[in-house]
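Q: Please take me through the reasoning behind the labels given to this model, setting each value against the rule that it has to meet.

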Amino acid sequence: NGSRYVRARKGGGARGGRSRHQPPAMSSSVRDHATYCVPQFTLMFAFTMPIALLGALADDPVLQLDNSSINAALAAGSLMRAFGKAVNGVTVDVVGVRPFLTALLLAPVAAAGCLSGANGQTSLVLVFGALAFCNSGAWLAGCKIIEGRFRREDWASCFSVLATCSRLGSMVARMGLGGLLAVLRWQSIALGSAPVLFLSWAFTTRVLLRENLGSVRGHLNVSDSDLDDMKVVHKKSGGDEGDSAESSESRAIRIKRMLGNRGLQLQACIVASASCLMALENMCPLLLKDLTSLGNAEIGMLATFFPAGVLCGVLATPQIYARLSTPRNKLAMELLLQLLTLLAIIMLGWLSSLGPNVVHPAFFLACLATAAFGIALNYYIKPGMHTLEFGEDCATASSILDGSGMVAAVLFQLTASSIFGDGGSWAQVLAIAALCVLVMATCTVLLFLERNATGVLKMHQGGDIASPWALGRKARVALPVGALAVVCALRVAQTHLVMPSGLATRGGAAHGR
């Protein structure tokens, strides 16, 4: 990616006594990988737990939930994830990985106990919010562990493993807890999850994190030319303790300049669009419940098709993407995957317009898995690699991208909640999802034009990074064409994806909700 960062020891203030240009001598053992894998798996499992139980929660007469209230709870969870991204990115830098994960892994234990005694929408919103806030810090902690324990050449594979653990945590929660619904009440399942989460907390904090990661984190410095390239000051986090005001100002300047980075802005738009599509994962149980005649246990297990599609994409697409030699070929692969997602969502919208219990569930599952496969690269791998270009500030850059994605997911879920509240249909929600794919494709092309026309990591005489709006004829043509494509897509979605009159205006009506 053109980065020229070097691992070096800051004179007089380095820890560990490493010589300049020498990477830290750390073993990439199974324990090192488990240090970031176990927390990610645990927190994703905890976050997915109430989602896997959504079918049973919706059927519980005590809770009195409908599509609108459930989507409001999902939106509250996404909002807390966005808030958590903003807070946890700085927190893990200040307090260190071990204290951060000690508190973060313990909170879901209490949340699981509260879920077992939930008696209304308010309780559900509080549990969703708490679990979402904890889940938001898992990826950021993983970034810091990878940055501190692994060499640069291993980072790509580490991010692939981290994403795989995230998907596995979601799938295990959906399949395992969904299967338990056949023999247990949802209250018993939630209560039984608490000791499992506690054991994971004990294993992570007492075994995997016995040594303080703070002593091995501050090893990355950059050259003066890199500071000019990125317009971001990368200050060593474990070095000499200077004036606190100067340190605070330096961090504020770095964040301000990262926010002004045009490449990061475009990547944030791509992540925002992909996050809206990933929000469909939380809606899968409701979609299958509204449009099929499956039971709660079957819905809980079959809803894993979406995270399974994402997992397949995480495992397969990076291997192919890395073998492509030219930026044009990589762009073609990204657009091809986005086209695959768009076609799957359009097909899903058309199938949903046929009404409940008309189409075999296998067709819905195939469309969901295909759409999930297509967005995996743009949601996990590319943003993760982009944040590594910011060196030691990779967690902050990751929190910026993830925060923009969470805000977009909140808006998407609030819009879905409003649509269902007004008597709308699943086809209308999926039309908005199709529009998000087109926005993602437009931003992908603009990011390609910027990186290949100006080189986002190349030095410029002015010391500034060129804007994508100043790339010449290609950008001036791409912008109106992209805007026209979005308008046309919206028109097509309104014409072909809106449910015909006479059918149930909301899928949940067939189930009396």
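Q: Why is the pairing of Arg 149 with Asp 32 called a salt bridge?
A: In this predicted model, the side chains of Arg 149 and Asp 32 come to 2.9 Å, N to O, and because the rule asks for a side-chain nitrogen of Lys or Arg within 4 Å of a carboxyl oxygen of Asp or Glu, the pair qualifies as a salt bridge.

Q: What parts of the chain does the pair of Arg 149 and Asp 32 tie together?
A: Arg 149 belongs to helix 5 (residues 121–149) and Asp 32 to helix 1 (residues 30–52), so the parts tied together are 117 residues apart in sequence.

Q: How do you know whether Arg 149 and Asp 32 are buried or exposed?
A: Buried means under 20% relative accessible area; Arg 149 has a relative accessible area of 4% and is therefore buried, and Asp 32, with 10%, is buried as well.

Q: What makes Asp 59 and Lys 289 a salt bridge, and where do the two residues lie?
A: The closest N and O atoms of Asp 59 and Lys 289 are 3.1 Å apart, which satisfies the limit of within 4 Å. Asp 59 sits in helix 2 (residues 54–59) and Lys 289 in helix 11, 230 residues apart, so that the pair links distant parts of the chain.

Q: Why do Asp 59 and Lys 289 receive their accessibility labels?
A: Asp 59 has 41% relative accessibility and counts as partly exposed, because that label covers what lies between under 20% and over 50%, whereas Lys 289, at 6%, counts as buried.

Q: Which helices does the salt bridge between Glu 334 and Lys 382 link?
A: With their closest N and O atoms 3.1 Å apart, Glu 334 in helix 14 (residues 327–352) and Lys 382 in helix 15 link parts of the chain that are 48 residues apart; Glu 334 and Lys 382 are both buried.

Q: Why is helix 11 called roughly antiparallel to helix 15?
A: Helix 11 (residues 280–291) and helix 15 (residues 361–388) pack at an angle of about 160°, with their axes 11 Å apart, and because angles over 145 degrees count as roughly antiparallel, helix 11 earns that description relative to helix 15.

Q: What residues make the contact between helix 11 and helix 15, and of which class are they?
A: Helix 11 contributes Cys 284, Leu 287, Leu 288 and Leu 291, while helix 15 contributes Phe 364, Leu 365 and Leu 368; by class, the contact has 7 nonpolar, no polar and no charged residues.

Terms used
Residues numbered from 1 in each chain as written. Predicted model: local features only at pLDDT ≥ 70, side-chain atom pairs only at ≥ 80, totals over all residues. Heavy atoms only, no water. Axes fitted to C-alpha atoms, helices over the stretch in contact; angles between N-to-C directions. Helix = DSSP H or I, 4+ residues; strand = E, 2+ residues; numbered from the N terminus. Parallel < 35°, antiparallel > 145°, perpendicular 65-115°, else oblique. Contact = heavy atoms within 4.5 Å. Nonpolar A, V, L, I, M, F, W, Y, C, P; charged D, E, K, R; others polar. Buried < 20%, exposed > 50% of the residue type's maximum accessible area, 1.4 Å probe, protein only.
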